[in-house]
Amino acid sequence: QLPQLNMLASLAIVLAIDRAAGIASTVKWPNDVLIKGRKVAGILVENHLVGTSAQAASASTSATPAIS
């Protein structure tokens, strides 16, 4: 049942992005969410628990933002 839970979580994130931000996203099976071909989130399902990670974009790919 874990593969079905992974698919459900992936589709839920795609729908949430569309409804919250009006941005079309797609799923790269089995566990990546893409916007315009770039990964924006990943889904991990283990022992019936769902975890997600999100990637943030920055204007410069070489600079690390300072934390203050």
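This predicted model holds 1 salt bridge. Its partners are Lys 39 and Asp 32, with their closest N and O atoms 3.2 Å apart. The two side chains are also joined by a polar contact of 3.2 Å.

How exposed or buried is each partner? Asp 32 is buried, because its relative accessible area of 14% falls under the 20% cut-off. Lys 39 has a relative accessible area of 42%, so this residue is partly exposed. The bridge therefore links a buried acid to a partly exposed lysine.

**Around Asp 32**

Asp 32 sits in strand β2. Leaving aside residues up to four places away in sequence, Asp 32 touches Thr 26, Val 27, Lys 39, Ala 41 and Gly 42. The salt-bridge partner, Lys 39, is thus one of the contacts of Asp 32.

**The strands and their turns**

Strand β2 runs antiparallel to strand β3, residues 38-46, and 4 bridges join them. Within this pairing, Val 33 has Ala 41 of β3 as its bridge partner. Strand β3 also pairs with strand β4, residues 49-54. That pairing is antiparallel too, with 6 bridges. Here Gly 42 stands opposite Ser 53 in β4.

Both pairings are hairpins. The table sets their turns side by side.

| Hairpin | Residues between the strands | Residue with positive phi | Phi |
|---|---|---|---|
| β2 and β3 | 2 residues | Lys 36 | near 50 degrees |
| β3 and β4 | 2 residues | Asn 47 | about 55 degrees |

Why do these turn residues deserve a remark? Most residues other than glycine have a negative phi, so a positive value departs from the usual pattern. Lys 36 is a residue other than glycine with a positive phi, near 50 degrees. Lys 36 lies in the loop between β2 and β3. At 82% relative accessibility, Lys 36 counts as exposed, because the value is over the 50% cut-off.

**Asn 31, just before β2**

Where is Asn 31 placed? Asn 31 lies in the loop between β1 (26-28) and β2 (32-35). Asn 31 counts as partly exposed, because its relative accessibility is 29%. Not counting residues up to four places away in sequence, the contacts of Asn 31 are Asn 6, Ser 10, Ala 41, Gly 42 and Ile 43.

Two of these, Ala 41 and Gly 42, belong to the contacts of Asn 31 and also to those of Asp 32. Ala 41 is 10 residues from Asn 31 in sequence. In space, the C-alpha atoms of Asn 31 and Ala 41 are 8.4 Å apart. Ala 41 is also the β3 residue that bridges to Val 33. Gly 42, for its part, faces Ser 53 of β4.

**A nonpolar surface patch**

Which residues make the nonpolar surface patch of about 310 Å²? Met 7, Leu 11 and Trp 29 do. Met 7 is found in helix α1, residues 2-21. Met 7 counts as partly exposed, because its relative accessibility is 42%. That value is over the 30% relative accessible area that a patch residue needs.

**In brief**

The salt bridge joins Lys 39 to Asp 32, and Asp 32 lies in β2. Strand β3 pairs with β2 and with β4. Asn 31, in the loop between β1 and β2, touches residues including Ala 41 and Gly 42. The nonpolar patch includes Met 7, a residue of helix α1.

Key:
Residues are numbered from 1 along each chain as its sequence is written. This is a predicted model: local features need pLDDT of at least 70, side-chain atom pairs count only at pLDDT 80 or more; totals for chains, interfaces and linings use all residues. Side-chain values use heavy atoms; hydrogens and water are left out. Helices (H or I, at least four residues) and strands (E, at least two) are DSSP runs, numbered from the N terminus. Buried means under 20% relative accessible area, exposed over 50%, partly exposed in between (1.4 Å probe, protein chains only). Contact means heavy atoms within 4.5 Å. Patches are made of residues with over 30% relative accessible area and no salt bridge: like charges are joined within 9 Å, nonpolar side chains (Val, Leu, Ile, Met, Phe, Trp, Tyr) within 5 Å. Accessible areas come from the Shrake-Rupley method with a 1.4 Å probe; for residues, only the protein chains shown count as cover. A salt bridge is a side-chain nitrogen of Lys or Arg within 4 Å of a carboxyl oxygen of Asp or Glu. Two strands pair if DSSP finds at least two bridges between them. A polar contact is a pair of N or O atoms within 3.5 Å; within protein, one must be able to donate a hydrogen and the other to accept it, and residues adjacent in sequence count only if both atoms are side-chain atoms.
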